[in-house]
Amino acid sequence: MDHVSLSGTPSATTEATKRATTLSEDQRKGLESAVLGYLIEYYPKVGLQFGIASGAEDPAKFRGLLEEKWVCAARLTRRVLELEAELEGIPVAKRSRFNSVSATRPMIPFGPCCGKVCLPDRPVVMCMEALPSCPSVVAVGRSDGVVSIYEANEKRLIGDLRDHSHGLTDLSFNVDGSLLATAAKDGTVKLWDCTSSRRVWRCVRTLVADSEGCMIMCRFASESSIVTFSLGGGLQVWDTDSGHCLSSVAVGTASGTTPLALALDGGWIALGVNSRLIAFPTRELPDQRQTISLPSTISEGQMVSLDADILRIQIMQRANADSNDPPLAFSCSRDASVRCWDLSTLCMLASYGGHAGACRCITPLGNGYFYSIAEDADCLGHIWSMEIAESRGRISARVTFRAQLTEHGTLTGEASGRDSFSPSSLPRCAVLSRDTLIVAASGGVLLTWKCAAINGDRGGENK
């Protein structure tokens, strides 16, 4: 690429600089064709009109040129912002307020699947979460009411929890891993003591969060308080020691088959009810139990409507952000899209639409990389990256498809499957456990891949 001068003062080399920054005829045609390819892919009507008007060549020849030029421009913009920050004395934390990129390198699954375990009776896996104190131990919530305990390193089941009489809908560990909460379709949440041997976790309390027996979600708010969400009971905060409901707030009305989603992190709660996304900050009460308080009501300004049902929500903290900056939220929808939201304004910052079926789960891989699964029937999920930046109050975002995940490993290329794929292996949910990615597929199958850290700037290349 030709050198671009950023000098702000005139000099004797002005004419030379102009000549250096002018695109050649081939470069101009290449950029025009790349823009045409982008428009045809994402905005077909506009792309066809642009192509007819410009008479550009076949865009397939220059498919990678636009992305290459965008990356160069993004790096140049970042460097300009760094220089401005140094000149204006802007704190380092504010130089990339909206960049949700962690300091660690992304963990990407490489190579073929290295472990395959079939659960007894082949139930549907509804939810999974890794034990914080020992991430290789994963709790697996099943449609038959059983919670299986899976050891990722040994690739085998080490125990079952069987107190539920209905299928599981959600589960969650507290911060130190001493308690596990499991929610079922009958509106009950059971608390399990995880401090003893992994094989003999015992149920210590049962909370009836929804007397109407509706679907329920649960998340720990602190070591000794838990938040539940259901249609009949609304949003409730419980004391895990006494089993008492400390506060509650009603959240709309809908049918018993309405899909629900709940996420809690960074002092914020995000809910999904039908196609509505609801978000509001919480406040910790000044007592030794650190119980959060809920608002008395939820206003219209705290919700936004989407075009499709929300199936999953995840909250992520911003990297290098001020403590007052709210986290980001990701919603997985039935219309095959993943959307990123600014919780404080409920404005959509970016979206990924590479899936062909309802998106069910999203798993952060680190450094702005994500793994999402959907009812695509062509692969076990997509790996993509997202970069969000702010410049002078304007937010720009870039979402880039990186690879597909199959039982044979990651495949780079277009975000659509070309190999035959069994619908019986459709993925349901996933969890990243240190350097191991565990995916639950249909038929009660747990698939395991080893992950390797890569340099995020290389865009997911298989090294």
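## A walk through the cores, rings and strands

Let's begin inside the largest nonpolar core, which has 21 residues; Ile 108, Tyr 371, Leu 405, Leu 437, Val 439, Leu 447 and Trp 449 are the ones that touch the most other members. At least two residues of this core come from each of strand E1 (107-109), strand E25 (359-366), strand E26 (369-374), strand E31 (436-441) and strand E32 (445-453). E32 gives the largest share, four residues. Please keep in mind as you look around that this is a predicted model.

Ile 108 is a good place to pause. Leaving aside residues up to four places away in sequence, Ile 108 touches Leu 365, Tyr 369, Ile 383, Thr 410, Lys 450, Cys 451, Ala 452 and Ile 454. Apart from the largest core lies another core, this one of 19 residues, including Met 217, Leu 235, Leu 260 and Ile 298.

Now for the aromatic rings. A search of the whole structure turns up four aromatic pairs. In one of them, the ring centres of Phe 330 and Phe 370 are 4.8 Å apart and the planes meet at 45 degrees, so this pair counts as tilted; for a stacked pair the planes would have to be under 30 degrees apart. Because Phe 330 sits in strand E22 (residues 328-333) and Phe 370 in strand E26, the pair ties together parts that are 40 residues apart in sequence. Phe 330 and Phe 370 are both buried.

Phe 370 has a further partner in Trp 384: these two rings form a stacked pair, with 5.0 Å from centre to centre and 25 degrees between the planes. Here too distant parts of the chain are linked, with Phe 370 in strand E26 and Trp 384 in strand E27 (residues 382-391), 14 residues apart. Trp 384 is buried, as is Phe 370. Step back a little and you can see a cluster, in which ring pairs link Phe 330, Tyr 352, Phe 370 and Trp 384.

Our last stop is strand E11 (residues 216-222). How many of its seven residues are buried? Six are, so to speak, under cover, and the strand is mostly covered. In a regular strand, side chains alternate between the two faces of the sheet. E11 runs antiparallel to strand E12 (residues 225-230), and six bridges join the two. Across this pairing, Phe 220 stands opposite Ile 226 in E12. The connection from E11 to E12 is a hairpin through two residues.

How values were computed
Residues are numbered from 1 along each chain as its sequence is written. This is a predicted model: local features need pLDDT of at least 70, side-chain atom pairs count only at pLDDT 80 or more; totals for chains, interfaces and linings use all residues. Side-chain values use heavy atoms; hydrogens and water are left out. A nonpolar core is a set of buried Ala, Val, Leu, Ile, Met, Phe, Trp, Tyr and Cys residues joined through side-chain atoms within 4.5 Å. Buried means under 20% relative accessible area, exposed over 50%, partly exposed in between (1.4 Å probe, protein chains only). Contact means heavy atoms within 4.5 Å. Rings of Phe, Tyr and Trp (its six-membered ring) pair if their centres lie within 6.5 Å; planes under 30 degrees apart count as stacked, over 60 as edge-to-face and the rest as tilted. Two strands pair if DSSP finds at least two bridges between them.
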